[in-house]
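Subject: Handing over the structure

Dear colleague,

I am passing on to you the structure that we talked about, and I would ask you to open it and keep it in view while you read the rest of this message.

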Amino acid sequence: MTESSEYHRAKCKSKHHVGRLDIDWSDPRFSTREPSFAELYEAMGRDGCSLCFLSDRISRRYIDVYCGDNVTDVDIRSRIRESNGFCNVHAHQLMSTQFSPLAVAFTYSDILRKIRRELQNAEPSNWKSFIPRAIRLFGRKWLRTSENNVVFSQTKSCPVCTEIDNAEIRYVSTVITHWQDSLLQERFKSGSALCLPHLTKTIDAAVDPDLIELLIDVQITHWDQLDFHLAEVVRKADYRFSEERLSDDERQALLDVIHVLSGVRGIR
Ligand SMILES: [Zn+2]
Ligand SMILES: [Zn+2]
């Protein structure tokens, strides 16, 4: 359960290759179904949580297209302004994966002017502190918000997060609809574990007891394998066995367990 070198290469591809699927679309097993079926099939053939892989690809694709084409689109920039830019994770992704001075300057200049205007127009007499009066009396009056707790308006959430939320609903729906399809089911059984956040979303959406049983069986098999390796790491930390070196599987398990519990880096 490692992030394969193929996965790492995919993460580093140029913008013209982001999101390309290695799927034969002339195959009726894919062409007759919604695209998310093929995307899931492809993702389940890779190492790591398939939904993390797809979410990561969506965020990279959004930022890639935004920096390349959409940054001059007034409506899209206005949408991003309404969320005061990207969230922490995706703002840093903007800076690290597809750094575009023009996109950053254009986007955040807009937002700076907006929040400057809002702060300047705020009416201090309407403000009240959310800190209890007893504490304020000690001089912490600078901790204030307005009457309705809004100085800086934010009418929308991060656009990349919104894209990911919508896509996750689409992918989980596809799992629920097609889980009995042998093509998808075999991939799932032989593939990697879902991370805990994505397993939770899938279980929460599943209603078929047989699907839930399948999810449980596959996950527990993966977790038991991980736990076996982690127990060995603990055992070898004992001074009596300290001459025994960690195996590759045990080193890998230390990385995989973080992905399995928290998702891959950058996934909310
Ligand atoms: Zn995941
Ligand atoms: Zn975000």
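What follows goes from the whole chain to two pairs of helices and then to a single residue.

Please keep in mind throughout that this is a predicted model. The chain has 13 helices and 0 strands, so that, if you read along the sequence, you will meet the pattern α-α-α-α-α-α-α-α-α-α-α-α-α. Of its 268 residues, 22% count as buried. Among the contacts between residues at least 6 apart in sequence, 74% join residues that are at least 24 apart.

The next point is how particular helices pack against each other. Two packed helices are described by the angle between their axes and by the distance between those axes.

The pair to look at to begin with is helix 3, residues 35-44, and helix 4, residues 50-68, which pack at an angle of about 115° with their axes 8 Å apart. Their crossing is right-handed. On the side of helix 3, the residues that take part are Glu39, Leu40, Ala43 and Met44, and these meet Ser50, Phe53 and Leu54 in helix 4. Sorted by class, this contact has 5 nonpolar, 1 polar and 1 charged residues.

The other pair is helix 12, residues 209-237, and helix 13, residues 248-262, where the angle is about 125° and the axes are 9 Å apart. Because of that angle, helix 12 counts as oblique to helix 13. The crossing of helix 12 and helix 13 is left-handed. Here Leu226, His229, Leu230, Glu232 and Val233 in helix 12 meet Asp249, Glu250, Ala253, Leu254, Asp256, Val257 and Val260 in helix 13, and by class this contact has 7 nonpolar, 1 polar and 4 charged residues.

Finally, let us return to serine 50, which lies in helix 4. Is serine 50 buried or exposed? Serine 50 is buried, because 26 other C-beta atoms lie within 10 Å, while the cut-off for a buried residue is 20 or more. If its neighbours within four places in sequence are left aside, serine 50 is in contact with Leu40, Ala43, Met44 and Gly191; Leu40, Ala43 and Met44 are also among the helix 3 residues that meet helix 4. You may also wish to find cysteine 195, which is 145 residues away from serine 50 in sequence, although the two are 8.7 Å apart in space, C-alpha to C-alpha.

With kind regards

Technical notes. Residues are numbered from 1 along each chain as its sequence is written. Chains are lettered from A and ligands numbered from 1 in the order in which they are written. This is a predicted model: local features need pLDDT of at least 70, side-chain atom pairs count only at pLDDT 80 or more; totals for chains, interfaces and linings use all residues. Axes are lines fitted to C-alpha atoms, for helices over the stretch in contact, and angles run from 0 to 180 degrees between N-to-C directions. Helices (H or I, at least four residues) and strands (E, at least two) are DSSP runs, numbered from the N terminus. A crossing is left-handed if the near helix is turned anticlockwise from the far one by less than a right angle, and right-handed if clockwise. Two residues are in contact if their C-beta atoms, placed from the backbone, lie within 7 Å. Ala, Val, Leu, Ile, Met, Phe, Trp, Tyr, Cys and Pro count as nonpolar, Asp, Glu, Lys and Arg as charged, and the others, Gly among them, as polar. A residue is buried if 20 or more other C-beta atoms lie within 10 Å of its own, exposed if 12 or fewer, and partly exposed in between; C-beta atoms are placed from the backbone. Angles under 35 degrees count as roughly parallel, over 145 as roughly antiparallel, 65 to 115 as roughly perpendicular and the rest as oblique.
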